[in-house]
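Let's take a walk through this structure together, one kind of contact at a time. Keep the viewer open as you read.

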Amino acid sequence: SPTESNLVEGEDHVEVNGVVFNKPFVEKPVSAEDHNIYIYYPTSAGGGSQRLFRKIGSRSSVYFSESRVRKTGSYIYEDFMPTDGTDVKVYTVGPDYAHAEARKSPALDGKVERDRDGKEVRYPVILSHQEKLIARKVCTAFKQTVCGFDLLRANGKSYVCDVNGFSFVKNSSKYYHDCARILGNMVLRELAPAFHIPWAMPFQLDDPPIVPTTLGKMMELRCLVAVIRHGDRTPKQKMKMEVRHSKFFELFAKYEGFKDGHVKLKKPKQLQEILDIARGLLVEIEQHKADPEIEEKKGKLEQLKGVLEM
């Protein structure tokens, strides 16, 4: 219980009941009604804390130099997950529908981006297959048909950081059309048999998009996806060559290639060294002093010599 919690605070960490949380970490109030969430940074990043709160005007967070955690109240401590600067807001209408938008993260600089109508700027997001499964699980686990939750995309994975319950998209006519259709079908599916309401089977997701037009019913083009690349490109001039002679390995070791597993030689002096090796090996081949394996590479060595002499 909170009365039994033991908190030990260090410069760059806190220890709660023996569990150490290193900064940066997030401090969330246990009460879901309290939206004052603090993010604490380590001294190596300048220290201090970013304090998040319900949007007030054009601000959603403020930075403070204070690095000490709050001592009054009950809080949950979580590791801070660095993202690309956006939060993904997901809105479900049943387990098979999810609408997603991205907004600027309040932890970034605290300034709310608004459009000319004064509404927070949102960006369209396409959910991955895994994120759609997450949306389905959240909807069914909370038994909330109309549900909103927040996703954080970090380190190639997606994490649910907040579930808002009964929540709607702020400004999207398509979402409201879809929502009305889905909820209407849900209601009719339950009531039509009992009240003998005439009701046709609703539109299925895999049905062709047939729409009425002045020329009769026709299929509607929903979107066009094209991958286009212009042809005005100069082909890359590449040459691949397998080398086994000790002189090449000596050059590889000279520029610490064994340290990183590879080496890039671009400077004129470095390229001259490669050219000198190629010339020397070709001379050995002409004088019949080279190994048979090197003689087999004569064509490649001449090609390498020709490229470097250009």
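Which residue stands opposite Ile39 in strand 6? Ile39 faces Gln50 there. Before going further, a word on the source: this is a predicted model, in which local features need pLDDT of at least 70 and side-chain atom pairs count only at pLDDT 80 or more, while totals for chains, interfaces and linings use all residues. Residues are numbered from 1 along each chain as its sequence is written, and side-chain values use heavy atoms, with hydrogens and water left out.

Now back to the strands. Strand 5 (residues 37-40) pairs with strand 6 (residues 49-56) in the antiparallel sense, over four bridges. Strands here are DSSP runs of E with at least two residues, helices are runs of H or I with at least four, and both are numbered from the N terminus; two strands pair if DSSP finds at least two bridges between them. Strand 6 also pairs with strand 7 (residues 59-64), again in the antiparallel sense, over five bridges. Here Ser49 has Phe64 in strand 7 as its bridge partner. Two residues lie between strand 6 and strand 7 in their hairpin, where Gly57 takes a positive phi near 65°.

Phe64 has a further role in the picture, as the charged end of Arg51 sits over its ring, 4.1 Å from the centre. The criterion is NZ of Lys or CZ of Arg within 6 Å of the ring centre and within 35 degrees of the ring normal. Arg70 and Tyr38 give another such case, with the charged end of Arg70 3.5 Å from the centre of the Tyr38 ring.

Next, the charges that meet each other. Side chains of opposite charge can pair when their charged atoms come close. The structure holds 21 salt bridges, each a side-chain nitrogen of Lys or Arg within 4 Å of a carboxyl oxygen of Asp or Glu. One of them joins Asp150 and Lys89, at 3.0 Å from N to O. Asp150 belongs to strand 12 (residues 146-154) and Lys89 to strand 9 (residues 86-93), so this salt bridge ties together parts that are 61 residues apart in sequence. Asp150 is buried, at 8% relative accessible area, and Lys89 is buried at 10%. For these labels, buried means under 20% relative accessible area, exposed over 50%, and partly exposed in between, with a 1.4 Å probe and protein chains only.

Arg136 and Asp96 form a salt bridge too, at 2.4 Å from N to O. Because Arg136 lies in helix 1 (residues 129-141) and Asp96 in the loop between strand 9 and strand 10 (98-104), the pair ties together parts that are 40 residues apart in sequence. Arg136 is partly exposed at 37%, whereas Asp96 is exposed at 58%.

A third example is Glu309 with Arg279, whose closest N and O atoms are 3.0 Å apart. This pair links the segment after helix 7 (298-308), where Glu309 lies, to Arg279 in helix 5 (residues 268-286), 30 residues apart. Salt bridges that share partners also join Lys55, Asp87, Glu101, Arg103, Glu120 and Arg122 into one network.

What about the aromatic rings? A search of the whole structure finds twelve aromatic pairs. Rings of Phe, Tyr and Trp (its six-membered ring) pair if their centres lie within 6.5 Å; planes under 30 degrees apart count as stacked, over 60 as edge-to-face and the rest as tilted. Tyr97 and Tyr175 have ring centres 6.4 Å apart and planes at 40°, so they make a tilted pair. Tyr97 lies in the loop between strand 9 and strand 10 and Tyr175 in helix 2 (residues 173-195), so the two tie together parts that are 78 residues apart in sequence. Tyr175 is buried at 0% relative accessibility. Phe168 and Tyr175 also have their ring centres 6.4 Å apart, but with planes at 75°, so that pair is edge-to-face. Ring pairs link Tyr91, Tyr97, Phe166, Phe168, Tyr175 and Tyr176 into a cluster.

Our last stop is the nonpolar interior. A nonpolar core is a set of buried Ala, Val, Leu, Ile, Met, Phe, Trp, Tyr and Cys residues joined through side-chain atoms within 4.5 Å. The largest has 13 residues, of which Phe248, Ile274, Leu281, Ile285, Ile294 and Leu301 touch the most other members. Helix 5 gives this core its largest share, six residues.
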